Amino acid sequence: MFGFMEPADLAVVGLYFVLVLSIGFFVMWKSNRSTVSGYFLAGRSMTWVAVGASLFVSNIGSEHFIGLAGSGAASGFAVGAWEFNAMLLLQVLGWVFIPVYIRSGVYTMPQYLSKRYGGNRIKIYFAFLSLLLYVFTKLSVDLYAGALFIRASLGWDLYLSIIILIALTAVLTVTGGLVAVIYTDVMQAVLMIGGALTLMVVGMVKVGGFEEMRRKYMLASPNVTAIISSFNLSSTNTCHIHPKEDSLKMLREPTDEDIPWPGFLLGQTPASVWYWCADQVIVQRVLAAKNLAHAKGATLMAGFLKLLPMFIIVIPGMISRILFTDEVICINPEHCMQVCGSSAGCSNIAYPRLVLGILPVGLRGLMMAVMIAALMSDLDSIFNSASTIFTLDIYKHLRKVASSRELMVVGRLFVIFMVGISIAWVPIIVEMQGGQMYLYIQEVAGYLTPPVAAVFLLGIFWKRCNEQGAFCGGLLGSMMGIIRLILAFVYQVPDCDQPDTRPSFIRNIHYMYVATVLFWSTIITAVVVSLLTPALPKEYTRNTTFWSLKDLDNIKSSQADESNKIENRTVSEYNGSTTCTDKSDCNRKDTDGIELVLLMPGSDDSKSLCSPSNIEALTTNDGYLNGQTSVDQETKEEPQLERSKWWKVIDCICGLKNYDVTDTVAINTVEDERICKEMLQESPRIKILLNIGLVVVLSSGISMFIYFSL
């Protein structure tokens with residue numbers, strides 16, 4: 001598309017990836033000499049600085065730089081509302097959800113749902129929804145965003161760029177480059193923020209400052225006559241070439257096509273609760289903190305960092321429209337196809353066009369390298385998380401006798417299948433939401449995530465909600481959302497120069513209002529069904545609701561009872577019997593063994609974990625996940641079977657470090673109980689300091705909403 005990269009830029013890109021590979025080899029060499037216990041203790045001792053940086057980097061990737069800047073170029077300040085909303089929801093995570101997750105002794109979201117509601121079907125429902133979201137809002141979007149960067153840098157074909165991106169990710173994963181995610185996150189955060197701030201400052205200087213940027217943005221319309229003559233266009237029609245009158249406002253009228261304020265507050269906010277408070281990628285990082293104080297400090301730090309995207313991503317997108325108007329704002333579908341290959345619009349090229357257009361040689365190469373490396377880190381995490389969900393939560397449920405090798409092979413095959421679907425889905429992303437990728441992500445999430453958010457919120461705040469109510473409410477909301485999503489794909493927005501013949505309920509009802517209906521329909525259904533069916537036993541709500549935090553003084557006694565139960569069962573299992581002190585514990589034995597490793601990161605992601613409070617005996621194929629054992633354990637391994645070198649190569653690629661493993665018995669349960677109890681303790685002075693920080697962050701977020709909406 002552009003191909004403006006100089007040899008010096010390419011050299012910087014190469015040096016950056018050599019650095020990442022070197023760190024990967026070092027960590028891989030070190031991890032081969034580390035114990036599993038050391039691996040988990042390191043994860044449990046992360047400080048608020050590391051967790052906060054990890055939160056920011058795991059959220060802000062290439063898709064944000066492409067999507068936020070593109071929407072900024074197309075519609076102004078509006079898209080920044082998601083970032084300020086995240087500031088507030090991160091504090092809900094730190095002050096409400098994380099204490100409950102620690103209190104209940106879980107570190108995976110399916111495990112929490114199973115502990116809170118019981119049964120398997122709600123866990124499988126959540127797994128299917130998670131896979132849909134991975135494919136349609138994460139993997140396909142990441143592939144498209146990374147390909148846009150490569151295409152803009154080198155001028156290559158979009159799908160060739162996607163294949164190269166996947167190949168690079170595979171090479172880095174196999175060589176151990178992405179094993180070092182925890183070591184490179186802080187470095188990437190510094191480089192990402194530093195480079196983006198530099199770009200913003202250079203752009204601001206070129207347009208004359210913030211106020212001048214606001215004035216020039218409202219005048220940034222393409223030169224239609226010059227474009228028609230230079231591109232030899234057959235059509236002289238134009239559409240959406242002038243900035244919207246309310247481009248400099250964030251929350252807009254109830255009928256606005258971008259962000260209607262009632263829909264954002266009532267529909268989009270609950271949908272965002274899922275991402276910030278119940279998505280495994282985000283929650284896992286916060287649970288890696290050494291205690292609750294560090295977890296809250298991390299959400300405060302991430303909240304302050306979420307002030308930046310408005311200024312380092314959205315505003316540079318608006319600057320890109322000012323400086324490169326005739327490319328970023330195409331005048332009709334024919335012109336758009338010639339400029340960026342999408343008939344819906346070219347706003348997605350705003351950020352890479354600005355990087356390649358105004359940054360000096362070398363710095364733009366570094367920016368491209370950081371963006372692509374961060375995106376490949378996201379891809380690898382998605383590959384591992386999605387394959388883990390499918391193999392351990394769905395496939396193993398259908399085939400309980402599957403061996404560890406079979407699970408690993410199925411997991412890798414599922415990743416290949418998922419990548420294929422994602423590549424096939426890229427053309428849909430290109431055309432959805434007028435070519436604005438970020439709004440496409442929010443629309444799809446708005447149809448799928450509100451029911452999940454409702455199930456989690458009911459589980460946290462309402463003890464009376466039972467499994468029947470949560471499942472029926474979630475199923476109803478999800479079916480309604482999936483149907484609406486299918487209709488959105490069937491009745492796509494026509495080209496801007498064509499009449500809109502879609503049904504009125506699709507054309508006129510904003511997806512945020514649909515999300516509102518889905519969220520409240522789920523809650524109402526869950527409440528009604530729960531009240532009409534028997535309540536859950538107290539053991540399901542004793543440690544899994546927000547109100548259980550009020551009796552913090554009783555944690556020690558309740559955990560001691562549970563520890564005694566587990567110890568008794570563990571001893572009896574070790575002696576060959578399965579006598580349990582609680583019948584429900586026996587019934588949940590096989591299930592919890594699987595839950596324990598659901599969504600656990602593989603050897604590439606060491607940023608996880610608070611050990612669960614009731615670790616139970618694992619089966620043979622539960623013991624491994626991407627080459628790492630899933631709990632701190634002592635195991636007596638069987639003799640290794642002699643294998644050919646080709647099988648050893650395959651084992652290395654698939655992440656199988658041992659051919660077999662015997663049944664194991666978890667230990668240190670009492671120690672884990674003590675650690676979880678200590679994690680909830682906060683000194684009065686630190687608590688006051690954190691609460692002051694909370695007030696500052698909340699005030700800053702609300703102030704930003706008010707300032708950019710007036």
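Ser 62 is buried, with a relative accessible area of 0%. The model that shows this is predicted. Ser 62 belongs to helix α4, which covers residues 62-75. Along the chain, Ser 62 and Ile 372 stand 310 residues apart. In space, 6.9 Å separates their C-alpha atoms. Ile 372 is also among the contacts of Ser 62 once neighbours within four places in sequence are left aside. The others are Ala 145, Phe 149, Met 371 and Leu 375.

The nonpolar interior was examined next. The largest nonpolar core has 178 residues. Within this core, Ile 98, Tyr 101 and Phe 456 have the most contacts. Helix α7, residues 121-154, gives the most to the core, with 20 residues. Another core lies apart from it and has six residues. Cys 336, Val 339, Cys 340 and Cys 346 are among them. Tyr 101, in turn, touches Phe 456 as well as Val 106, Met 109 and Tyr 112. Its contacts also include Cys 277, Ala 278, Val 283 and Leu 287. Neighbours of Tyr 101 within four places in sequence are not considered here.

Two of these contacts, Met 109 and Tyr 112, are also buried residues of helix α6. Helix α6 runs over residues 109-117 and is mostly covered, since nine of its nine residues are buried. The buried set in α6 includes nonpolar side chains such as Pro 110 and Leu 113. Lys 115 and Arg 116, which count as charged, are buried there too. The remaining buried residues of α6 are Gln 111, Ser 114 and Tyr 117. Gly 118 follows α6 and has a positive phi, near 80°.

Helix packing was then compared for two pairs. In the first pair, α7 packs with helix α23, residues 467-490. Their axes are 10 Å apart and meet at an angle of about 25°. Angles under 35 degrees count as roughly parallel, and α7 and α23 are therefore roughly parallel to each other. Their crossing is left-handed. On the α7 side, the contact involves Arg 121, Ile 122, Tyr 125, Leu 129 and Leu 132. On the α23 side, these meet Glu 467, Gln 468, Ala 470, Phe 471, Gly 474, Leu 475, Ser 478 and Ile 482. By class, the contact has eight nonpolar, three polar and two charged residues.

The second pair is helix α3, residues 48-59, and helix α14, residues 292-305. Their axes come within 8 Å and cross at roughly 45°. The two helices are therefore oblique to each other. Here α3 passes α14 in a right-handed crossing. From α3, Trp 48, Val 49, Val 51, Gly 52, Ala 53, Leu 55 and Phe 56 take part. From α14, the partners are His 294, Gly 297, Ala 298, Met 301, Ala 302 and Leu 305. This contact of α3 with α14 has 10 nonpolar and three polar residues, and no charged ones.

Backbone angles were also examined in the loop between α11 and α12. Asn 232 is found in this loop, between α11 (224-231) and α12 (261-278). Its phi is near 55°, a positive value in a residue other than glycine. Asn 232 is exposed, with a relative accessible area of 65%. His 240 also has its place in the loop between α11 and α12. His 240 has a positive phi of about 55°, although it is not a glycine. His 240 is exposed, and its relative accessible area is 67%.

Notes. Residues numbered from 1 in each chain as written. Predicted model: local features only at pLDDT ≥ 70, side-chain atom pairs only at ≥ 80, totals over all residues. Heavy atoms only, no water. Axes fitted to C-alpha atoms, helices over the stretch in contact; angles between N-to-C directions. Helix = DSSP H or I, 4+ residues; strand = E, 2+ residues; numbered from the N terminus. Parallel < 35°, antiparallel > 145°, perpendicular 65-115°, else oblique. Left-handed = near helix turned anticlockwise from the far one by under 90°. Contact = heavy atoms within 4.5 Å. Buried < 20%, exposed > 50% of the residue type's maximum accessible area, 1.4 Å probe, protein only. Core = buried A, V, L, I, M, F, W, Y, C linked by side-chain atoms within 4.5 Å.
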